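Here is a short note on this model, set out as numbered points. Please read it with the structure open.

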Amino acid sequence: MKFSHERLTLKTTEAIQIIDITGRVSDVSAATGLQNGLVTLISPHTTAYVNLNEREEMLQSDMVAFLHRLVPRDAGYRHNLNPVDDRENAHAHLMGMVSEAFMK
């Protein structure tokens, strides 16, 4: 059994950003030379998440608007009273929790 481990590095420019990585994952997979297998995507960051969904502009806009409404940045979260790395990011952690709930 063969294994391949590759890393994709992404940078975001928005607080909530949807990035289509389909092409990059396909290219990396093809470069391994493996014909069959399983691709596992993991985000090691606590406020970045991998989600599978349609790539349709209006839907993606709806997703971002939904998260902003559901978990507003300025809702007075206790985590932000003592922020890690001087970043008030409680909302980002909560958005991830919501994303994980919908994935199950």
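**Notes on the model**

1. Start with leucine 8, which sits in the segment before H1. This is a predicted model, so every point below is about a prediction. Leucine 8 counts as partly exposed because its relative accessibility is 30%, and partly exposed covers the range between under 20% and over 50%.

2. Leucine 8 has company at the surface. Leu8, Leu10 and Ile19 make a nonpolar surface patch. Their accessible area together is about 200 Å².

3. Where does serine 43 lie? Serine 43 is in the loop between H1 and H2. The C-alpha atoms of serine 43 and leucine 8 are 9.8 Å apart, across 35 residues of chain. Serine 43 is partly exposed, at 27% relative accessibility. Setting aside residues up to four places away in sequence, serine 43 touches Ala48, Tyr49 and Val50.

4. Alanine 48, one of those touched by serine 43, is also found in the loop between H1 and H2. Its relative accessibility is 33%, so alanine 48 counts as partly exposed. From alanine 48 to threonine 13 the C-alpha distance is 13 Å, with their positions 35 residues apart in sequence.

5. Now the overall layout. The protein chain has three helices and zero strands. Read from the N terminus, the order of elements is α-α-α. The radius of gyration is 16 Å, well over the 13 Å that the globule rule gives for 104 residues, so the protein chain is more spread out than a compact globule. Along the principal axes, the C-alpha atoms fill a box of roughly 50 × 30 × 25 Å.

6. Two figures describe burial and surface. Of the 104 residues in the protein chain, 15% are buried. The accessible surface of the protein chain is about 8,900 Å², and carbon and sulfur atoms hold 53% of that.

7. What share of the contacts with a separation of 6 or more comes from residues 24 or more positions apart? In the protein chain, the share is 47%.

8. Nonpolar side chains tend to be buried together in soluble globular proteins. Here the largest nonpolar core has seven residues: Ile16, Leu67, Val71, Tyr77, Ala90, Met95 and Val98. Helix H3, residues 90-103, gives the most to this core, with three residues. Look at leucine 67 as one member of the core. Beyond its neighbours within four places in sequence, leucine 67 is in contact with Ile16 and Met95.

9. Next, the charged pairing. Side chains of opposite charge can pair when their charged atoms come close. How many salt bridges are counted? The count is one. Arginine 55 forms a salt bridge with aspartate 20, and their closest N and O atoms are 3.0 Å apart. The pair links distant parts of the chain, 35 residues apart. Arginine 55 is in the loop between helix H1 (22-32) and helix H2 (57-70), while aspartate 20 is in the segment before H1.

10. Are the two partners exposed or partly exposed? Arginine 55 has 61% relative accessibility, so it counts as exposed. Aspartate 20 has a relative accessible area of 36%, so aspartate 20 is partly exposed.

11. Two further distances are worth checking on screen. Serine 29 lies in helix H1. Serine 29 is partly exposed, with 27% relative accessibility. Serine 29 and glutamate 88 are 36 Å apart, C-alpha to C-alpha, and 59 residues apart in sequence.

12. Arginine 87 is placed in the loop between H2 and H3. At 38% relative accessibility, arginine 87 is partly exposed. Its C-alpha atom is 26 Å from that of leucine 41, and the two residues are 46 apart in sequence.

13. To recap the main points: the protein chain has three helices and zero strands. The largest nonpolar core holds seven residues. One salt bridge is counted, and that salt bridge joins arginine 55 and aspartate 20. A nonpolar patch of Leu8, Leu10 and Ile19 lies on the surface.

Definitions and conventions:
Residues numbered from 1 in each chain as written. Predicted model: local features only at pLDDT ≥ 70, side-chain atom pairs only at ≥ 80, totals over all residues. Heavy atoms only, no water. Salt bridge = Lys/Arg side-chain N within 4 Å of Asp/Glu carboxyl O. Helix = DSSP H or I, 4+ residues; strand = E, 2+ residues; numbered from the N terminus. Buried < 20%, exposed > 50% of the residue type's maximum accessible area, 1.4 Å probe, protein only. Patch = residues over 30% accessible without salt bridge, like charges linked within 9 Å, V, L, I, M, F, W, Y side chains within 5 Å. Areas by Shrake-Rupley, 256 points an atom, 1.4 Å probe, with all protein chains shown as cover. Rg over C-alpha atoms; globule rule 2.2 N^0.38 Å. Contact = heavy atoms within 4.5 Å. Core = buried A, V, L, I, M, F, W, Y, C linked by side-chain atoms within 4.5 Å.
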